[in-house]
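Student: I have a fold open on my screen and want to test the labels people put on it. Can we go through the reasoning together?

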Amino acid sequence: MTEYTTGVPIEPGSQWYDSEAGPLVRPYAMTGGRTRPGPTGVKFDLIALVTLDPGAAGTDDDTALGPEHRALVDLCRLETQSVAELAAGADLPVGVVRVLLGDLLELGRVTVSRPVPPAQLPDERILREVIEGLRAL
């Protein structure tokens, strides 16, 4: 028998974890210790939309990708999803998903549509004037 520092004897070959222990692979291991997506340092907003690249849709060369990368690609095959939805669907932390998406973006597997910044949106006053003009027709 082996004893850990707690003094509790553990039988050889027995499991020391249970379903509540969480993932056995730590997030830094999934990203190779990286915390930023790719050398370009592109930032993924939580509401940025991720789509499988049409040219990569038929590519079955997923052997170079890790299991987490493949899970994100599979989720994108179903439909366009936001970064937050991908993190929830893959059951991964958002920071890990951002790094993995950076890898997929560099490989040309996905495309990202970033949300329009509020400063570039049309003024609400102008939109109301357009609506009023349309109603007057």
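Tutor: Let's take the labels one by one, bearing in mind that this is a predicted model.

Student: What does the secondary structure of the chain come to, and in what order do the elements run?

Tutor: There are five helices and five strands. From the N terminus on, the order is β-β-α-β-α-β-α-α-β-α.

Student: How do you know that β3 and β5 are paired?

Tutor: Pairing takes at least two bridges between two strands. Strand β3 (residues 49–52) is joined to β5 by four bridges, so the pair qualifies, and the two run antiparallel. One of the partnerships is Thr-51 with Thr-111 in β5. Leu-49, for its part, stands opposite Ser-113 in β5.

Student: What makes β4 and β5 edge strands?

Tutor: The sheet is open, with three strands in the order β4-β3-β5 and antiparallel pairing. β4 (81–82) and β5 (110–113) each pair on one side only, and that's what earns them the name.

Student: Which helices lie on this sheet, and at what angles?

Tutor: Helix α2 (residues 67–78) lies across β3, β4 and β5, and runs at about 90 degrees to β3. Helix α4 (residues 94–106) also packs on the sheet, where it touches β3 and β5. The direction of α4 makes about 115 degrees with that of β5.

Student: Which residues of β5 are on its covered face, and which on the uncovered one?

Tutor: Val-110 and Val-112 are on the covered face, while Thr-111 and Ser-113 are on the uncovered one. As a rule, side chains in a regular strand alternate between the two faces of the sheet.

Student: Why are α3 and α4 called roughly perpendicular?

Tutor: Helix α3 (residues 83–90) and α4 pack at an angle of about 110 degrees, their axes 9 Å apart. The label covers 65 to 115 degrees, and α3 and α4 are therefore roughly perpendicular to each other.

Student: Which residues meet there, and what are they by class?

Tutor: From α3 come Val-83, Leu-86 and Ala-87, and they meet Val-94, Val-97, Arg-98 and Leu-101 in α4. By class, that contact has six nonpolar, no polar and one charged residues. Arg counts as charged, so Arg-98 is the charged one.

Student: And how much of the chain is buried?

Tutor: Of the 137 residues, 26% are buried, where the cut-off is under 20% relative accessible area. The accessible surface comes to about 9700 Å², with 56% of it belonging to carbon and sulfur atoms.

Note on methods
Residues numbered from 1 in each chain as written. Predicted model: local features only at pLDDT ≥ 70, side-chain atom pairs only at ≥ 80, totals over all residues. Heavy atoms only, no water. Contact = heavy atoms within 4.5 Å. Axes fitted to C-alpha atoms, helices over the stretch in contact; angles between N-to-C directions. Parallel < 35°, antiparallel > 145°, perpendicular 65-115°, else oblique. Buried < 20%, exposed > 50% of the residue type's maximum accessible area, 1.4 Å probe, protein only. Areas by Shrake-Rupley, 256 points an atom, 1.4 Å probe, with all protein chains shown as cover.
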